[in-house]
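Here are my notes on this one, as promised. Have the model open while you read.

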Amino acid sequence: MTFRYRVRDTLGNSHAGRVEASSADEATLQLRRGGFQVLEVEEDLDDLGPGLFSRRARKPDVLYATNQLAVMVDTGITLSAALDNIIQQEQNPSLKAVLADLKSAVEEGSDFSAALARHPKLFDKTYISLVKASEATGTMGKMLERIAGYLRKELETRGKVRAAMAYPAVMMVLAVGVTIFLLTFVLPKFTPLFERKGVELPKPTRLMMNLSALLLDYWYAWAAAAVVLPLAVVLARRTESGRQAWDWLKINLPILGPMFRKVVISRSIRTLGTLLSSGIPMLDALELSADVAGNYHYERLWRSVGQTVTEGRQVCQALAGSPLFPPMLVQMISAGEQTGKLGPVLERVSNYYDQEVETSLKTVTSLIEPLMIAVMGVVVGGVALALLLPIFTLSRTPG
């Protein structure tokens with residue numbers, strides 16, 4: 001949600017603008033953390049968009065805008081002028097409104113990182129931290145270019161994983177749909193014939209007919225289960241214990257588990273390497289790496305590493321022996337710490353893991369494809385066999 005606000009800074013100057021938050025209380029808290037005295041906070045009813053079907057700003061839109069901003073700022077154009085140029089060319093109304101708010105905040109004297117923090121749905125903590133570091137070092141253009149590369153890698157990996165998962169998902173839906181069609185439409189057509197002939201039905205046929213009757217007689221229960229079960233899973237994942245169980249299952253699945261592990265590791269070490277190379281302190285970088293991990297168990301691991309580092313130990317010592325990290329990666333981290341080049345080493349390792357993810361995706365696809373075909377064959381073949389066995393019996397019955 002977007003909220004309009006009016007605040008007063010420490011010098012007594014009034015400021016107005018918009019902030020993204022889940023509630024008015026959270027918006028007020030964000031503004032107070034920025035050192036402002038909050039005068040007014042209200043929901044921005046005009047920010048509902050130009051229409052019901054207007055396209056929201058997405059990560060690819062942010063990547064495109066960041067690339068443009070990096071080029072213009074690096075060539076000497078002021079941040080405000082660069083934002084204004086992007087606004088004039090931007091076709092997405094939602095992103096255009098966000099960029100206009102950023103430009104307004106910058107012109108009012110706010111830091112760019114503080115302006116980005118008003119829109120946490122588009123600009124995560126890593127993005128904001130990198131921009132904040134560049135403000136301190138005066139390397140905004142180079143940092144925006146680094147951020148764009150970071151976002152590009154994230155989107156490429158996410159797109160590849162989704163593409164690989166789309167095929168088995170479609171095949172699963174088809175398998176379930178074909179099974180339901182055969183059991184509720186095709187099989188009942190033959191049931192009266194078998195009853196008239198009085199033939200003794202084989203066990204596979206009786207099993208399929210009982211399952212067909214169960215689906216037809218209690219269709220409302222199956223329909224309710226199809227709605228309730230996914231909803232229950234979604235709600236359970238929002239609890240800590242449910243998320244813990246779900247994330248454990250993802251990284252321990254027989255075929256998909258190793259791939260999910262590599263995706264999480266790649267994302268975490270890429271973030272850590274990018275942050276350290278950009279001058280972010282180690283403890284802050286570890287905390288942000290935990291935030292972007294996307295898996296409960298890896299988040300806990302990174303936070304435990306942060307606690308270990310505060311005790312004066314090295315990152316490799318905290319990761320050594322963990323079943324979540326391969327020993328080879330721990331050795332590379334140890335080498336990076338010993339040479340004082342941990343950030344660049346992690347960035348190179350993350351590129352290696354990106355290639356490993358791509359290889360794993362191809363392996364998973366090559367394994368799942370014949371498996372799903374076999375499942376479809378068993379399902380369709382089982383129903384066909386249940387229909388044909390009584391027909392064979394009838395054909396052998398005299399008269």
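The points below cover the ground rules, the main pocket, the nonpolar cores and one glutamine.

1. Ground rules. This is a predicted model, with local features needing pLDDT of at least 70 and side-chain atom pairs counting only at pLDDT 80 or more, while totals for chains, interfaces and linings use all residues. Numbering runs from 1 along each chain as its sequence is written, and side-chain values use heavy atoms, with hydrogens and water left out.

2. The nonpolar core. The largest nonpolar core (buried Ala, Val, Leu, Ile, Met, Phe, Trp, Tyr and Cys residues joined through side-chain atoms within 4.5 Å) has 83 residues, and F112 and F325 touch the most other members. Helix α7 (residues 140–197; helices are DSSP runs of H or I, at least four residues) gives the most to this core, with twelve residues. Apart from it lies another core of twelve residues, including L182 and V383.

3. F112 up close. Leaving out residues up to four places away in sequence, F112 is in contact (heavy atoms within 4.5 Å) with L69, L79, L83, L102, V106, V131, E135 and M140.

4. Q68. Is Q68 buried or exposed? Q68 counts as buried because its relative accessible area is 16%, and the cut-off for buried is under 20% (1.4 Å probe, protein chains only). Q68 sits in helix α2 (residues 59–74). Beyond four places in sequence, Q68 touches I86 and Q89.

5. The lining of the largest pocket. By class, look for 16 nonpolar, seven polar and eleven charged residues there.

Conventions
Helices (H or I, at least four residues) and strands (E, at least two) are DSSP runs, numbered from the N terminus. Buried means under 20% relative accessible area, exposed over 50%, partly exposed in between (1.4 Å probe, protein chains only). Ala, Val, Leu, Ile, Met, Phe, Trp, Tyr, Cys and Pro count as nonpolar, Asp, Glu, Lys and Arg as charged, and the others, Gly among them, as polar.
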